[in-house]
Amino acid sequence: MEHKVKEKSGLVVGRNPVMEALKSGRNIEYILVSDSKPTGSLIPIIAKAKELKIDVRKTTREKLDYISEKTPHQGVIAIGCAKNYCQTEDILNLANQKNEPPFIIISDGIEDPHNLGAIIRTSECAGVHGIIIPKRRAVGLTFSVEKASAGALEHILVAKEVNIAATIDKLKNHNIWVYGADSSGETWCHQSLSGPIALVLGAEGKGISNIVKKKCDGLISLPMLGKISSLNVSVASAIIIYEVLRQRLNL
């Protein structure tokens, strides 16, 4: 028998429930299907998801078993979205309404929901106007992210863009300076960060992609004096975000 996991978990499990969720217009982050060849009613599910431009990702049945906690999934699980996305223009408009220079965070491939949730929490506390995340190869606004944000997700705008490099060009057209957090950059406290700024945060382990790094106006680093060569992305971002705030407040 097909079963739908509790709503608060953000999961829809099984072929009929997933198809009905797609038909109803429910906000779905992405769909997981088993890595075997799709058969039967799984084929129209995949077709419907593509029609709605919802990402379909292949994974193992073992992973589906783990996510569904052994609930019969029939090879498909939909991951719900905890909040609707806005447009990048909405973030710029918010800064304009507040009569403040834009302060934007860009995720270039962050995959851990706990990291993204922590970054959202810090950003909301520090007055960031909005966050931009990529459509693919990164975590979206899942319920795990919402939980990790400790409620901050409800109070901050998040946009999803297909092409981060092109989005940076768009921001530059609005006279926003774009800085990337990267170990090869200049020490964080030597940069002037008080004006319109977008801070790019790279993926765990891989950092900022080369194409995005080339788009940045500058790179910012944190001095590492110990034997460990890097900080967790959510920790590093918190330090830099609050340096931006310190400069804005002239402290």
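Here are a few exercises with worked solutions on a predicted model.

**Exercise 1. Work out how α1 and α2 are oriented towards each other, and which residues make the contact.**

Start with the geometry. Two packed helices are described by the angle between their axes and the distance between the axes. Helix α1 covers residues 15-24 and helix α2 covers residues 42-51; the angle between them is about 25 degrees, and their axes lie 10 Å apart.

Next, classify the angle. Angles under 35 degrees count as roughly parallel, so α1 and α2 are roughly parallel to each other. As for handedness, α1 and α2 cross in a left-handed way.

Now list the contact. From α1 come Arg15, Val18, Met19 and Leu22, and they meet Leu42, Pro44, Ile45, Lys48 and Ala49 of α2. Sorted by class, that contact has seven nonpolar residues, two charged ones and no polar ones.

**Exercise 2. Find the buried residues of α1 and say what they pack against.**

First, pick out the buried set: Arg15, Pro17, Val18, Met19, Ala21 and Leu22. Then look at the partners. The buried residues of α1 pack against α2, and also against the strands β1 (11-13), β2 (28-34) and β4 (76-80).

Last, check what comes after the helix. Gly25 follows α1, and its phi is positive, near 85 degrees.

**Exercise 3. Explain why Cys81 and Cys86 do not form a disulfide.**

Take the distance first. The closest cysteine sulfur to that of Cys81 belongs to Cys86, and it sits 11 Å away. A disulfide needs the two sulfur atoms within 2.5 Å, so this pair is too far apart for a bond. Turn it around and Cys86 gives the matching picture: its nearest cysteine sulfur is that of Cys81, 11 Å away, and Cys86 is in no disulfide. For the structure as a whole, the disulfide count is zero.

Then ask about accessibility: are these cysteines buried or exposed? The cut-off for buried is under 20% relative accessible area. Cys81 has 9% relative accessibility, so it is buried. Cys86 is at 11%, so it counts as buried too.

**Exercise 4. Place Ala152 in the fold and find its contacts.**

Begin with the local setting: Ala152 is in the loop between α6 (143-148) and β7 (157-161). Although this is a loop position, Ala152 is buried, with a relative accessible area of 5%.

Now look along the chain. Thr122 is 30 residues from Ala152 in sequence, yet their C-alpha atoms are separated by 8.4 Å. Leaving out residues up to four places away in sequence, Ala152 touches Ile120, Arg121 and Glu124.

**Exercise 5. Start from Thr167 and work outwards to the packing of α4 with α7.**

Locate the residue: Thr167 lies in helix α7, residues 164-172. At 3% relative accessibility, Thr167 is buried. Setting aside residues up to four places away in sequence, its contacts are Thr88, Ile132 and Glu161.

Step out to the helix pair. Helix α4 (residues 88-97) packs with α7 at an angle of about 30 degrees, the axes being 12 Å apart. That makes the two helices, α4 and α7, roughly parallel. The crossing of α4 with α7 is right-handed.

Finish with the residues. On the α4 side, the contact is made by Thr88, Glu89 and Leu92; on the α7 side, by Thr167, Lys170 and Leu171. By class, the contact of α4 with α7 splits into two nonpolar, two polar and two charged residues.

Definitions and conventions. Residues are numbered from 1 along each chain as its sequence is written. This is a predicted model: local features need pLDDT of at least 70, side-chain atom pairs count only at pLDDT 80 or more; totals for chains, interfaces and linings use all residues. Side-chain values use heavy atoms; hydrogens and water are left out. Axes are lines fitted to C-alpha atoms, for helices over the stretch in contact, and angles run from 0 to 180 degrees between N-to-C directions. Helices (H or I, at least four residues) and strands (E, at least two) are DSSP runs, numbered from the N terminus. Angles under 35 degrees count as roughly parallel, over 145 as roughly antiparallel, 65 to 115 as roughly perpendicular and the rest as oblique. A crossing is left-handed if the near helix is turned anticlockwise from the far one by less than a right angle, and right-handed if clockwise. Contact means heavy atoms within 4.5 Å. Ala, Val, Leu, Ile, Met, Phe, Trp, Tyr, Cys and Pro count as nonpolar, Asp, Glu, Lys and Arg as charged, and the others, Gly among them, as polar. Buried means under 20% relative accessible area, exposed over 50%, partly exposed in between (1.4 Å probe, protein chains only).
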